[in-house]
Amino acid sequence: MALRQIFRRLSVNRIPGRIYPSLGQPFSSAASLSEPIRATLFPGDGIGPEIAESVKQVFGAAEVPIEWEEHYVSDKVDPRTESFLTWESLQSVRRNGVGLKGPMATPIGKGHRSLNLTLRKELGLYANVRPCQSLPGYKTRYDDVNLVTIRENTEGEYSGLEHQVVRGVVESLKIITRQASLRVAEYAFHYAKANGRQRVSAIHKANIMRKTDGLFLKCCREVAEKYPEITYEEVIIDNCCMMLVKNPALFDVLVMPNLYGDIISDLCAGLIGGLGLTPSCNIGEGGIALAEAVHGSAPDIAGKNLANPTALLLSSVMMLRHLKLNNKADRIQNAILSTIAQGTHRTGDLGGSSSTTDFTKAVCDHL
Amino acid sequence: MQLVSKPEQFDVMVTPNLYGNLVANTAAGIAGGTGVMPGGNVGQDHAVFEQGASAGNVGNEKIVEQKKANPVALLLSSAMMLRHLQFPSFADRLETAVRRVIAEGKYRTKDLGGSSTTQEVVDAVIAKLD
């Protein structure tokens, strides 16, 4: 019974044609665009609208040629998507090819899918990319973190196939497919090459899970052969955890299956100061990119002009890089980093007392 | 993430197999590495004690040849074994001696930033036993 379910899932996920990314996409010719690029914006809940406003202001000050299409989560379940995200919102992202998402609080209840799950499945978001860089001026125990975690986001341990064998014994199926592993490995190497990274490390536990992680590694090795200029290595997950907390400078790009990716990407966020500062971008089939802030909606400080927009701003920078607007991306990123490094305008979570608007204005001034 | 940013909020952590492996290695990395973390495996009828974190420091030929392996992890694990056998006073004496040697900082193996050999560290621990 479970086998049939697996096969059905696999055939739904099959995407014919090319494996990958924005290389052939229309938005690769950056500089001279006569008309603005349309991007979908989901401000989200809680502090979402405030930090989305920050992004709009900074983009305006930097004269970024982006036209936002805002979409909100509705309060009724849309039967076409089985969730609070409407079909129109999803179509908007599919059409525009890029989006930026603020924090969304999933309403509790039955009869609908979680918002993140909806986005992931409907847009085929298969890789979650999180660059983790130490912020100069914001001290944590680790000063020299400069790595990127790339997590396979569709299968693995999170395939959702759990069943009870007998009372007190439950089984969970971990699915690793050649297709998904190749896909994420291709993206990882493409990202490394496009961003000037030297090394890609595949994180695994193939000594214990020989067939599943073994297949993942096999796929990574195949892709590695096509990029001889990039160093490829394989690191066992527990060794990786230890090395990350002892000497994170050892890592460059990490590519991993779903569960390890979940854990390691949050661990790396912890190394640089938490989810409030970490950008993230989800890559989908056909070169779709949905950048998002991975922190929560912080309802306790919503509407009080206290939120830190850094995560969403850095995520929007990732979105710009995906669109090959590297000049603008660099300018905005440098402005953010200098503002934080300067130390005079920091929001509460970084130990300062600036408001969201003050911080945003400081970033605009630094442009 | 919490472990990495604020490890002091945790006391005892109980986990399933995979997560435990990851958490133990992360915690060991934060606290000083495989060379210093003790550990034990407890079963229905028996208990086996070995160093706590599995990563690295294992099967490294170079360390064995140069006699630079850190004995602290296994010494502390044996102290855990003594406690398990209900010899708390012996366990305390051993642990105190080891702690003093590390605190003093004169005899440290390479992984702790020093240059002593295994034997030198062991001799120092014996010297500090009371």
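Chain B has a radius of gyration of 15 Å, against the 14 Å or so of a compact globule of 130 residues, which agrees; the radius is taken over C-alpha atoms, and the rule is 2.2 Å times the number of residues to the power 0.38. This is a predicted model, where local features need pLDDT of at least 70, side-chain atom pairs count only at pLDDT 80 or more, and totals for chains, interfaces and linings use all residues. Residues are numbered from 1 along each chain as its sequence is written, chains are lettered from A and ligands numbered from 1 in the order in which they are written, and side-chain values use heavy atoms, with hydrogens and water left out.

The C-alpha atoms of chain B fit a box of roughly 40 × 35 × 30 Å along the principal axes. Its elements run α-α-β-β-α-α-α-α from the N terminus, that is, six helices and two strands (DSSP runs: H or I, at least four residues, for helices; E, at least two, for strands). Of its 130 residues, 28% are buried, meaning under 20% relative accessible area with a 1.4 Å probe, protein chains only.

Turning to chain A, there are eleven helices and twelve strands. Its radius of gyration is 20 Å, and a compact globule of 367 residues would come out near 21 Å, so the two agree. The C-alpha box is roughly 60 × 50 × 45 Å along the principal axes, and 54% of the 367 residues count as buried. As for contacts (heavy atoms within 4.5 Å) between residues at least 6 apart in sequence, 74% join residues at least 24 apart.

Notes. Buried < 20%, exposed > 50% of the residue type's maximum accessible area, 1.4 Å probe, protein only.
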